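Biologist: I would like to go through the charged and aromatic contacts of this model with you, one at a time. Could you set out the terms as we go?

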Amino acid sequence: MNSKEIIKQAEKSLVNEFEIIEEIRDFNQEKVLNAFIENKVAPEHFYTVSGYGHDDLGREVLDKVFADVFKAEKALVRIHFASGTHTLACCLFGNLKYGDKLISAAGAPYDTMQEVIGTAGDEAVREDSLIGHGVLYDEVPLKNGTDIDFEKLEQMVDKTVKMVLIQRSKGYSTRKSLSIETIEKICKTVKSKNPDCICFVDNCYGEFVDTKEPLEAGADLIGGSLIKNPGGGIVEAGGYIAGKAKYVDKCANRLTAPGIGCEGGAMFNQHRLIFQGLFMAPSVVCDAVKGAVLAAKIFEETGFDSSPKYYEKRTDIIQNITFNSPEPLEHFCRTIQALSPVNGYVTPIPEYVPGYEDPVIMAGGTFIEGSTIELSADGPMRPPYVAYMQGGLNYAHVKIALAKILDKVNNN
């Protein structure tokens, strides 16, 4: 069979999986629509103000819509967040001070977050990190290198722990991404030992993949990037934070300044894009997840070591492929780049990127620089040499890319 016939056969076997994904899309689309209707979103909320950004009605309604969607007391949605890492850093620095203790529940966090915390980076970075500012830090090692060690977590959490960091997506690791059920179990375990401890979830890559979000599973605070899932592929920059009002306010004070908090910050005519991107997000995420499931099926049938499996429940949009050597990782990323709508002629090479300890190869011919809700692939140049494939603004693009990858495999 040629590549298109292989994909058609795979699609026929994935009818049940796709039906579940589409049901989740429909649930989340209705949830988002209701938030827009309840908050009376209108054309005047797309207009902007200048200078200090005072009395920005659109910004206020945008925060309320996000709060309703994520079932939060309050939300902070701003283009001023430079990245997902910056957004999460505001959550950490806003709610932790000298002498407070932070624990990571799922082993070492994502590479860039290690520099924020202070367990990686050069001397200057470590000095400016949480640890450099006197925050105490520890992490719960993964059980067998893959699973949450709930027994150890229960032992480590006590009255001295101010916050537990829960990274939903696997990051550059080979552990499983955390399901909503696992996040709920972590939160219950933490709260049983210290009811006042802040359960903070890095929600990047996970929004709208399930019918529940982490705040509904017991988390106190979540954060993520607008150039990932909730931006729907059209938001140009920014991030969001949502959760209990007292914690969100502290994040806002860190982003701006005490006394300004959520009340300042001109949005530079980005309101409409953020509203529209959020409205599109459930459908875009659905297509990305369907593409990942199809990829998992295709990779399994062609002998790739890939996870999660096509039949496993999804909690984020990421599909990883383990190559065990650098050359095929580079080749895979270059293939994805060549099938991108932007910079398809460019050849990605591994290089050092700020925030990462190892050289990273990144394939991202995306309309928004760094957007990972668009079809992209990347990976650190270190064993076991894993490519992390994610995104796809539409399912058809992922299908086309997979067909071309199959052609290359069959021709080699």
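Modeller: Let me begin with a term: a salt bridge is a side-chain nitrogen of Lys or Arg within 4 Å of a carboxyl oxygen of Asp or Glu. This is a predicted model, in which local features need pLDDT of at least 70 and side-chain atom pairs count only at pLDDT 80 or more, while totals for chains, interfaces and linings use all residues. Residues are numbered from 1 along each chain as its sequence is written, and side-chain values use heavy atoms, with hydrogens and water left out.

Biologist: How many salt bridges does the structure hold?

Modeller: Side chains of opposite charge can pair when their charged atoms come close. With the cut-off of 4 Å between nitrogen and carboxyl oxygen, the number of salt bridges in the structure is 17.

Biologist: Lys-176 forms a salt bridge with Glu-312; how many residues apart are the two in the chain?

Modeller: The closest N and O atoms of Lys-176 and Glu-312 are 3.6 Å apart. Helices (H or I, at least four residues) and strands (E, at least two) are DSSP runs, numbered from the N terminus. Lys-176 sits in the loop between S4 and H8, and Glu-312 in the loop between strand S8 (305–307) and strand S9 (319–322), so that this pair links distant parts of the chain, 136 residues apart.

Biologist: Is Lys-176 buried or exposed?

Modeller: The classes rest on relative accessible area, where buried means under 20%, exposed over 50% and partly exposed in between (1.4 Å probe, protein chains only). Glu-312, the partner, has 27% and is therefore partly exposed. Lys-176 has a relative accessibility of 54%, and so counts as exposed.

Biologist: Which residue meets Glu-181 in a salt bridge, and where does that residue lie?

Modeller: The side chain of Glu-181 is joined to that of Lys-313, at 3.2 Å from N to O. Glu-181 belongs to helix H8 and Lys-313 is 132 residues apart from it in sequence, so this pair too links distant parts of the chain. Glu-181 is partly exposed at 43%, whereas Lys-313 counts as exposed at 56%. The residue is Lys-313, in the loop between S8 and S9.

Biologist: Why are Glu-330 and Arg-334 separated by about one helical turn?

Modeller: Their side chains meet in a salt bridge of 3.1 Å, N to O. Glu-330 is buried, with a relative accessible area of 18%, while Arg-334 is partly exposed at 30%. The separation is about one helical turn because the two residues are four residues apart in helix H11.

Biologist: Turning to the rings, how many aromatic pairs does a search of the whole structure find?

Modeller: Rings of Phe, Tyr and Trp (its six-membered ring) pair if their centres lie within 6.5 Å, and planes under 30 degrees apart count as stacked, over 60 as edge-to-face and the rest as tilted. Searched in this way, the whole structure gives a number of aromatic pairs equal to 17.

Biologist: How many residues apart are Tyr-110 and Tyr-356?

Modeller: Tyr-110 and Tyr-356 form an edge-to-face pair, at 5.8 Å centre to centre and with 90° between the planes. Tyr-110 is in the loop between strand S2 (101–104) and helix H5 (111–117), and Tyr-356 in the loop between helix H11 (326–338) and strand S10 (360–363). Tyr-356 counts as buried, at 13% relative accessibility. In sequence, Tyr-110 and Tyr-356 are 246 residues apart.

Biologist: Why is the pair of Tyr-172 and Tyr-388 tilted?

Modeller: Tyr-172 lies in the loop between strand S4 (161–167) and helix H8 (180–193) and Tyr-388 in strand S12 (residues 386–390), so the pair ties together parts that are 216 residues apart in sequence. Both Tyr-172 and Tyr-388 are buried. The ring centres are 5.1 Å apart, and the pair is tilted because the planes stand at 40°.

Biologist: Which residues do ring pairs link into a cluster?

Modeller: This cluster is built of Phe side chains, joined by ring pairs. The linked residues are Phe-36, Phe-46, Phe-275 and Phe-279.
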